[in-house]
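Visitor: Hi, could you walk me through this one? I'd like to poke at the side chains a bit.

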Amino acid sequence: CWVRLELVKSTGLLLWHWQSKPNCGGEDNRVKNLTTNGRLGPWSPWQPCEHSDGDSTGSCMCRSRSCDSPRPRCGGRSCEGARIEIANCSRNGAWTPWSAWAQCSTSCGIGFQVRQRSCSNPAPRYGGRVCVGQSREERFCNENSPCPLPIFWSSWGPWSKCSANCGGGIHSRQRACENGNTCPGCTVEYKTCNPEGCPEVRRNTPWTPWMPVNLTQNGARQEQRFRYTCRAQLADPHELQFGRKKTESRFCPNDGSAVCDTDSLVDDLLKTGKTSARIINGGWSFWGAWSSCSRDCELGFRIRKRTCTNPEPKNGGLPCVGSAMEYQDCNPHPCPGKNNFFPPQNYVRFS
């Protein structure tokens, strides 16, 4: 008998067909499937190995297995799955590039700025070497940018001399805005002074000589003399403006047999010497309207006035007592956009 082998491709498998001819002794026809798929063998023991990761190298533990249990035959499928395993690979660390320099710690005057990097390019692992060097650098900055001098008020100067020795006056003191002219507040501060009343000043002129006024037919004569008396509450005695004229008259007989008979007359006089029928003391008018404030914000002052015309002093009448001007604080609120503000105790209200 004879046997012929044919390779038939059917459904992806290679089949051997055994065909028996009539002269094969009557043996039954049969087909055997000889295709064998591959299977992975056992893992080998772990062994040291090396790996390369770009510019970095390191050591690992490796093991492998082969597709030989059995190998694929006659068109069988190859093994599926990993044939090499790598574990515990060490890797040396490397620095990242430096970051940009951070902003300077000061806007003026010497400061410092920093930049940083990290050991993560790559990071060390499994016993790899760490990066060598500093992860942070510092340097000075703004060495050539000095800060402007601070702007502030100087201390208050001494109080000036009072404008009046008595009866109420005003004096002032000053301060300066150092290193600029933007200090909030006022450069001058005013305060009342010497409020106590002035002492009364009294002055008498000497008597004039007796002067003949009238002469009778029998020789008797009438004579007169006079003097001035001035009095007022004034800080300066030279400021006396009003006074009284005192006149004495006497009648003397011609023969000298009797003492001269004297009488007195007191006249109220102006400084010009003109007589006045009635003394009129001065009186204040009503206060006028307040002026506009000297500042729009951060505390200013305003004033109002009155006059000694209600009535005006005449014929030796006393002048008005008190001030013709009154001051008052105004607009104490801070200016928009500013936080700094001097407290109002630096100012005074006076009249």
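Guide: Happy to, and one definition helps at the start: buried means under 20% relative accessible area, exposed means over 50%, and partly exposed is in between (1.4 Å probe, protein chains only). This is a predicted model, where local features need pLDDT of at least 70, side-chain atom pairs count only at pLDDT 80 or more, and totals for chains, interfaces and linings use all residues. Residues are numbered from 1 along each chain as its sequence is written, and side-chain values use heavy atoms, with hydrogens and water left out.

Visitor: Good. Is R295 buried or partly exposed?

Guide: R295 is partly exposed, because its relative accessible area is 26%. R295 also forms a salt bridge with E298, with 3.6 Å between the closest N and O atoms. A salt bridge here is a side-chain nitrogen of Lys or Arg within 4 Å of a carboxyl oxygen of Asp or Glu.

Visitor: What about E298, buried or exposed?

Guide: E298 is buried, with a relative accessible area of 2%.

Visitor: How many salt bridges does a search of the whole structure find?

Guide: The search finds five. One of them is between R115 and E137, whose closest N and O atoms are 2.9 Å apart. That pair links distant parts of the chain, with R115 in strand β7 and E137 in strand β8, 22 residues apart. Strands (E, at least two residues) and helices (H or I, at least four) are DSSP runs, numbered from the N terminus.

Visitor: And how accessible is R115?

Guide: R115 counts as partly exposed, because its relative accessibility is 21%. Its partner E137 is partly exposed too, at 29%.

Visitor: Which residue does E189 meet in a salt bridge?

Guide: E189 meets R173, at 2.7 Å from N to O. E189 is in strand β12 (residues 188-193) and R173 in strand β10 (residues 169-174), so this pair ties together parts 16 residues apart in sequence. E189 counts as buried because its relative accessibility is 6%.

Visitor: Switching to cysteines. How many disulfides does the structure hold?

Guide: There are ten, a disulfide being a pair of cysteine sulfur atoms within 2.5 Å. One of them joins C104 to C141, with 1.9 Å from S to S. The link is right-handed, with 85° about the S-S bond. C104 lies in the loop between β6 and β7 and C141 in strand β8 (residues 136-141), so the pair ties together parts that are 37 residues apart in sequence.

Visitor: Why does C104 count as buried?

Guide: Because the relative accessible area of C104 is 17%. C141 is buried as well, at 6%.

Visitor: Got another disulfide for me?

Guide: Sure, C119 and C131 are joined, again with a S to S distance of 1.9 Å. The torsion about their S-S bond is about 80°, so the disulfide is right-handed. Both C119 and C131 sit in the loop between β7 and β8, twelve residues apart. C119 counts as partly exposed at 24% relative accessibility, whereas C131 counts as buried at 14%.

Visitor: What's the sulfur distance for C67 and C79?

Guide: The sulfur atoms of C67 and C79 are 1.6 Å apart in their disulfide. With 80° about the S-S bond, that link is right-handed. Both cysteines are buried.

Visitor: Why is C186 not bonded to C293?

Guide: The closest cysteine sulfur to that of C186 is in C293, 9.1 Å away, which is too far for a bond. C186 is buried, with a relative accessible area of 16%.

Visitor: Rings next. How many aromatic pairs does the structure hold?

Guide: Zero. To pair, rings of Phe, Tyr and Trp (its six-membered ring) need centres within 6.5 Å; planes under 30 degrees apart count as stacked, over 60 as edge-to-face and the rest as tilted.

Visitor: OK, so which charges sit over rings?

Guide: R175 lies over the face of W153, 4.0 Å from the ring centre. The charged end of R225 sits over the ring of W207, at 4.6 Å from its centre. The test is NZ of Lys or CZ of Arg within 6 Å of the ring centre and within 35 degrees of the ring normal.
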